[in-house]
Amino acid sequence: MEKKKIIIDYEVIPLDALEGADADLVTQARKATYRSYAPYSHFMVGAAILLDSGVTVTGSNQENVAFPSGTCAERSACYYAHAQYPDAMFKKIAVAARGTDGEFVAEPVAPCGACRQALLEYEMLAKALVEVLLVGRDKVFRLPSVASTLPFAFTDFE
């Protein structure tokens with residue numbers, strides 16, 4: 001038997017060290033958490049996607065008593081982005097969350113598996129890596145691509 005490891009490269013950046021487009025995208029994702037509808041989990045998530053046109057599209061999680069009929073913030077943002085701007089390609093996405101206490105979570109949270117797969121579809125459509133910013137209270141994890149969040153994913157590029 002052969003053992004192997006999966007290693008994911010990412011950067012840990014102090015929140016106050018972000019600049020320019022990254023800082024703006026993180027701010028938009030954090031603001032989107034306040035538009036979340038989460039009466040069941042009380043976990044508010046916001047996502048912001050920067051398109052190659054320069055437009056930023058946001059989304060937030062929307063829960064429903066008929067679980068799992070709700071939608072995660074990441075899919076809310078990516079489906080809206082493509083529906084409204086079908087020719088624009090995704091450049092990067094930021095994801096932020098507030099916990100049940102209403103405060104931003106200390107550690108960055110990652111998209112669920114369904115969201116990772118949905119976002120990967122748009123990364124493949126763009127034929128370019130889509131950077132991922134996972135936002136915590138005081139720090140951000142910067143990953144080089146959606147594919148890096150989904151080991152063994154099928155993609156048509158390396």
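In helix α3 of this predicted model, the buried residues (buried meaning under 20% relative accessible area with a 1.4 Å probe, protein chains only) are Cys115, Ala118, Leu119, Leu120, Tyr122, Glu123, Met124 and Ala126. These buried residues pack against α2 (73-84) and β4 (90-98), where contact means heavy atoms within 4.5 Å. Helices (H or I, at least four residues) and strands (E, at least two) are DSSP runs, numbered from the N terminus. Because the expected span of a helix is 1.5 Å times one less than its number of residues, the 14 residues of α3 (residues 113-126) should cover 20 Å, and the end C-alpha atoms are indeed 20 Å apart. Just after α3, Lys127 adopts a positive phi of about 55°.

The largest nonpolar core, a set of buried Ala, Val, Leu, Ile, Met, Phe, Trp, Tyr and Cys residues joined through side-chain atoms within 4.5 Å, has 26 residues, and those with the most contacts inside it are Ile49, Leu51, Cys78, Phe90 and Ile93. Two or more residues each come to this core from β2 (44-51), α2, β4, α3, β5 (131-135) and β6 (139-143). Leaving aside residues up to four places away in sequence, Phe90 touches residues including Ile49, Leu51, Cys78, Leu119, Tyr122 and Ala126. A second, separate core of 13 residues includes Leu15, Leu25, Ala29 and Leu133.

Residues are numbered from 1 along each chain as its sequence is written. Local features need pLDDT of at least 70 and side-chain atom pairs count only at pLDDT 80 or more, whereas totals for chains, interfaces and linings use all residues, and side-chain values use heavy atoms, with hydrogens and water left out.

Terms used: Buried means under 20% relative accessible area, exposed over 50%, partly exposed in between (1.4 Å probe, protein chains only).
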